[in-house]
Amino acid sequence: MTDLLSLGERLAGRVTGRPAPPVEARPLPLGALMASLGAAVGTMLVSMAVAVVGWFLADGGAHGETTDALRVGATGWLVGHGSGLTVSGTPMSVVPLGVTALLVLVVYRFARWAGATSELPEDDRALGLAAVAHTGSYVVIAVVTCVLVGGGSAAPGLGRTLLATMLLSGVAGTLGLAAGCGRLRGWVELVPPWIRAICFGAAAITLVMLAAASLIVATSMVLGLNEAAGLMSQLGLGTGDTVTYALVALAVVPNAVVLGAAYLLGPGFAVGTGTVVSPTVVSIGAVPAFPLLAALPDDGATHPWLAGVMGVPVLAAIVGAALAQRHYAVTAWDSAALRGFGSGLGGAVLVTAVVAIAGGPMGTGRMADIGAPLGEVLVAAVMAMCTGGLVAGLVTAWWQRRRAAAAR
């Protein structure tokens, strides 16, 4: 009987598309707890190590204590989750999306490992229990860390830490566990095909928009490379400070890419109160001495041809909706139109949501306003992407109907 049960478990692993777990595999909640601890403690230790190395490179450890560097590393780990920071009463709420993306990837991979090497859950309730264990332990570690490092002049926000870590570990961890134990595909198949098609199109539109924004940001950074190098030389930084500046800049490059998507949509973004960077006008004035800001264009009216970049969201919607229609083909005109329009609407909402988390205050006064006007971004995105998605859905359906008729 034991041999038959073991064979059944291995066959179940093949059916669900995951490697068969060992005969005496650990319970899934225990594996989820181990994955949560590994992801949280591992990434925090890396952040602390980077802070300590930067501290020694800066002044050889002449100023401050090792515990101060460790506190800075733990605070950076919390900020990467979106905890925000208050430094001597000054709010700093910009989330370094590069760090956030890395944390999401680590949490997902650890959770997927746990799902693939633990016992198969009997049902979704058992998987839900494991997800709760994973999320709860991760949140506890983050909250305890926030309390321990919050006594100095730089204090992370406890409420934001609780909400952000619950969201990050809950979503990424649950998806990783489901993928590892082979249940994620079954969950996806339960979703109606037309909803899957819209979600596929919305995700494709968002990725195309971010790819186009990455191209714009990379071009601007190359054009401003000499200015950034001159700025760094004027600052007269040492080796440790230069490395720290470079790491901070890399961490917020994804923020610049997301704000570049707001630029392509037309409303643009602000890098200070009363400033605007858009395809039609640029008004920024003096900006902080940060190398990444050297990519910003000069003040004044822009070239007329730059207004053409506002057609990129329409093209992105056309590409994304066409891919969705090709992947989830329908022949009825109304279904194709609904899916194309829905893909554009979903893409507009996704892009606006990402833009919303890319900005935030970096102090008081002039630097209290960094980001894009969300209302204007949403309106521009809906108009451009719904139009492009609708056209792409209908045109792609017409082409597929024509090819099917020719084949018959």
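A pocket is an open set of grid points with protein on both sides within 12 Å along at least five of seven lines. This report looks at one such pocket, one cavity and the helices around them in a predicted model.

**The second largest pocket**

The second largest pocket holds about 960 Å³ of space. Its lining counts 28 residues. Nearest the centre lie Leu97, Thr100, Val104, Leu167 and Ile357. By class, the lining has 20 nonpolar residues, seven polar and one charged.

Five helices each give at least two residues to this lining: H3, H4, H6, H10 and H12. H6 supplies the largest share, with eight residues.

**Serine 169 in H6**

Helix H6 spans residues 158-180 and includes serine 169. Is serine 169 buried or exposed? Its relative accessibility is 0%, so serine 169 counts as buried; the cut-off for buried is under 20%.

A polar atom of the serine 169 side chain lies 2.5 Å from the backbone oxygen of threonine 165. An α-helix has 3.6 residues a turn, so residues three or four places apart point the same way. Beyond residues up to four places away in sequence, serine 169 touches Val107, His134, Thr135, Tyr138, Val139 and Thr174.

**Two helices side by side in a table**

Val107 belongs to the buried residues of H4. The table sets out H4 and H11.

| Helix | Number of residues | Reach, first to last C-alpha | Expected at 1.5 Å a residue |
|---|---|---|---|
| H4 | 21 residues | 30 Å | 30 Å |
| H11 | 16 residues | 22 Å | 22 Å |

The reach of H4 is close to the expected value. That of H11 is close to its expected value too.

In H4, the buried residues are Leu97, Thr100, Leu103, Val106, Val107, Ala111, Ala114, Gly115 and Ala116. Leu97 and Thr100 are also among the residues nearest the centre of the second largest pocket. In H11, the buried residues are Pro313, Ala316, Ala317, Gly320, Ala321, Ala322, Ala324 and Gln325.

**The cavity**

How many cavities of 30 Å³ or more does the structure hold? There is one. The largest cavity has about 40 Å³ of space. Its lining is made up of Ala197, Ala321, Ala324, Gln325, Arg339, Gly340, Ser343 and Gly393. H11 and H12 are the elements that give two or more residues to that lining. Three of the lining residues are nonpolar, four are polar and one is charged.

H12 thus appears twice. It gives at least two residues to the lining of the second largest pocket, and two or more to that of the largest cavity.

Definitions and conventions. Residues numbered from 1 in each chain as written. Predicted model: local features only at pLDDT ≥ 70, side-chain atom pairs only at ≥ 80, totals over all residues. Heavy atoms only, no water. Helix = DSSP H or I, 4+ residues; strand = E, 2+ residues; numbered from the N terminus. Buried < 20%, exposed > 50% of the residue type's maximum accessible area, 1.4 Å probe, protein only. Polar contact = N/O pair within 3.5 Å; in protein donor to acceptor, adjacent residues only side chain to side chain. Contact = heavy atoms within 4.5 Å. 1 Å grid on protein atoms, 1.4 Å probe; cavity = no way out; pocket = protein on both sides within 12 Å on 5 of 7 lines; lining within 4 Å. Points joined across faces, edges and corners; volume = space filled by probe spheres on them. Nonpolar A, V, L, I, M, F, W, Y, C, P; charged D, E, K, R; others polar. Expected span 1.5 Å × (residues − 1).
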